[in-house]
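This briefing is written for someone meeting the structure for the first time. It begins with the whole chain and then turns to selected places within the fold.

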Amino acid sequence: MTSTIDDAKDVYSIQSGDTQAPSAGIDAEVARFFAQAPRNEPVVIDDATNIRLRWMVHRRILTVMVITYFAQTLDKGTLNFASIMGILQDTNLHGQQYAWLTTCGYLLWEFPTNRLIQHLPIGKYLGFCIAGWGLVLAMTAVCKNFTGLVIVRTLLGIFETVCQPAFVYLSTMYYTRDEQALVIGSFYSMNGFQQCVGGLIGYGISQIHGQSLKNWQILFTLLGCLTFVWGLFVLWYLPDSPMRATCWSPEDRLLIAERVRKNETGIQNRTFKMYQAWEAFKDPTVWLVTLISFTNALPTGGLGAFSNLILVAFGYTTLQTYLLAIAQGTIIMLFLFSSAYLAKIYNQKLLLAGIYTLPNIAGTIVFICVKTTVHTKIGGVCVPCLLPPQTNCSQRTKQVIASSLVFIAWALGNAIGPQVFRANDAPRYIHAFIAHLVMYGLQLAAIIVLRLRLMRLNVIKRRAQALEPSKANGELEDEHILHRQAFDDLTDYENKDFRYVY
């Protein structure tokens, strides 16, 4: 194949067809895969081949991520829709009990699931967890009280914890860094799409009358069974890695692996390295992204549980509330897709993250200032920030720690978010929206500091290689980086070729 793009990959630390002993840091399976490849020269990929490979990965990997994340967000949203179907009255929920149901499960299982993602075949583990949460979701229909609901919601959170870290892991395994924003934006947009579909499903089920099951029981049973079947499909359909993807030819497997060489984040490494874990804990970049994750999750977690109750308080009917969910979901999808697209075009993820936080601030101020009456009906949407935790973090052990911290912060934010909506503050929940405003302020500050830090780190990286010091975003064409250590499982500090993107 003839290279027509500067995206060509040179193979050094693991030469395709090379029989020499690889670097000690390289995963054994990755080393065997490249050693057995039917080549003994550097691999180059032209434009047409690159596009063909990307669409192959889209059909097999992105399809699973998008549908699975849609199922997860829809399953999480069932409690919100059930709240206006009578679940609060039928299970005798009172005070903060409803809020506690939205906080269970995620927090305790974040690090274990990240470690299991690193160690287990990811396709099998993900499929098992999807099927598990489908069964648990269906079991919600038999709950009669707060205790039963707490048990199933905790189990549901444990199974669903796998989604976001697994998808970030799959994104770094199969996609280049400049593709990851659109990929992650695609499955995150399901936060909006589930509101559109969930609103229609909720309205349709609410029209069923005279049945032995309550409407909310039908909702949980239906979605739980569908999710279980999807989990079984994922077990069969999703490959565990490019090396094990028998759905593709050996030649295409090699090219798909080579496509992500310039990421400098490798494909996989199942060995947990303590010194690199310690580096993650000491890295200010990791903690800044963690703070952004927390400040982003707290408002979305609260509104995700209470948005329908707030809308009802404004005087909307149940039907109008379902229809407004569709409108809210559409806005979320537009914001997420447009932010991902602009991030790819302009390569300015943090700048766009800050800009897209401003509408959230404006909406929150409106909620605080406008009184809740039928004459002041308003709607608000909280849009999550697209900032994948592994984009500026190389080496799998460090990624496990960074991803765990980020998603623990996300889970903590989602856990605290519903708790700031106090029952005695209804229907306006002024204190909750003041807390949201504080979170957005912290988020903006963290985004600014992180951007300045990554600029400085790129200057230091280039100076260490005797290049012209530059704050430029990511890799520059005239640097001619050879990516010799792309699969050596080095951290971003250790790998001199790593460039930070912001």
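How many helices and how many strands are there in the protein? The model, which is predicted, contains 18 helices and 0 strands. Of its 502 residues, 60% count as buried, and the points below move from these overall figures to individual residues.

**Overall picture**

- Among the contacts in the protein with a separation of 6 or more, 83% are accounted for by residues 24 or more positions apart.
- The protein exposes about 19900 Å², and 66% of that area is supplied by carbon and sulfur atoms.

**Nonpolar cores**

- The largest nonpolar core has 78 residues, and those with the most contacts inside it are M65, L126, F167 and Y174.
- Helix 2, which spans residues 47-82, contributes the largest share of this core, namely 15 residues.
- A second core, separate from the one just described, has 15 residues, including L350, L450, L454 and Y502.
- When neighbours within four places in sequence are left aside, F167 is in contact with M65, T68, Y69, L126 and F187.

**Buried polar residues in helices 2 and 10**

- N50 is found in helix 2, and because its relative accessible area is 10%, below the 20% limit, N50 is buried.
- The side chain of N50 also makes a polar contact with the side chain of R259, at 3.1 Å.
- Q194 lies in helix 10, which covers residues 190-206, and it counts as buried because its relative accessibility is 9%, again under 20%.
- Not counting residues up to four places away in sequence, Q194 touches F70, T73, L74, G77, F81 and G199.

**Helix 7 and its buried side**

- Helix 7 runs through residues 146-160, a total of 15 residues, and reaches 21 Å from its first C-alpha to its last, close to the 21 Å expected at 1.5 Å a residue.
- Which residues of helix 7 are buried? They are G148, L149, V152, R153, L156, G157 and E160.
- These buried residues lie on the same side of helix 7 because they cover an arc of only 160 degrees around the axis.
- As background to this pattern, an α-helix has 3.6 residues a turn, so residues three or four places apart point the same way.
- At the start of helix 7, a side-chain oxygen of N145 comes to within 3.3 Å of the backbone nitrogen of T147.

**A138 and its distant partners in sequence**

- A138 lies in helix 6, which is made up of residues 122-139.
- Although A138 and T227 are 89 residues apart along the chain, their C-alpha atoms are separated by 9.2 Å.
- With neighbours within four places in sequence left aside, A138 is in contact with F220, T221, G224 and C225.

**A loop residue, N347**

- Where does N347 lie? N347 is in the loop between helix 15, residues 318-346, and helix 16, residues 349-369.
- The phi angle of N347 is near 55 degrees, which is a positive value in a residue other than glycine.
- N347 counts as partly exposed because its relative accessibility of 28% falls between the 20% limit for buried residues and the 50% limit for exposed ones.

Notes
Residues numbered from 1 in each chain as written. Predicted model: local features only at pLDDT ≥ 70, side-chain atom pairs only at ≥ 80, totals over all residues. Heavy atoms only, no water. Helix = DSSP H or I, 4+ residues; strand = E, 2+ residues; numbered from the N terminus. Buried < 20%, exposed > 50% of the residue type's maximum accessible area, 1.4 Å probe, protein only. Contact = heavy atoms within 4.5 Å. Expected span 1.5 Å × (residues − 1). Arc of directions from axis to C-beta. Polar contact = N/O pair within 3.5 Å; in protein donor to acceptor, adjacent residues only side chain to side chain. Areas by Shrake-Rupley, 256 points an atom, 1.4 Å probe, with all protein chains shown as cover. Core = buried A, V, L, I, M, F, W, Y, C linked by side-chain atoms within 4.5 Å.
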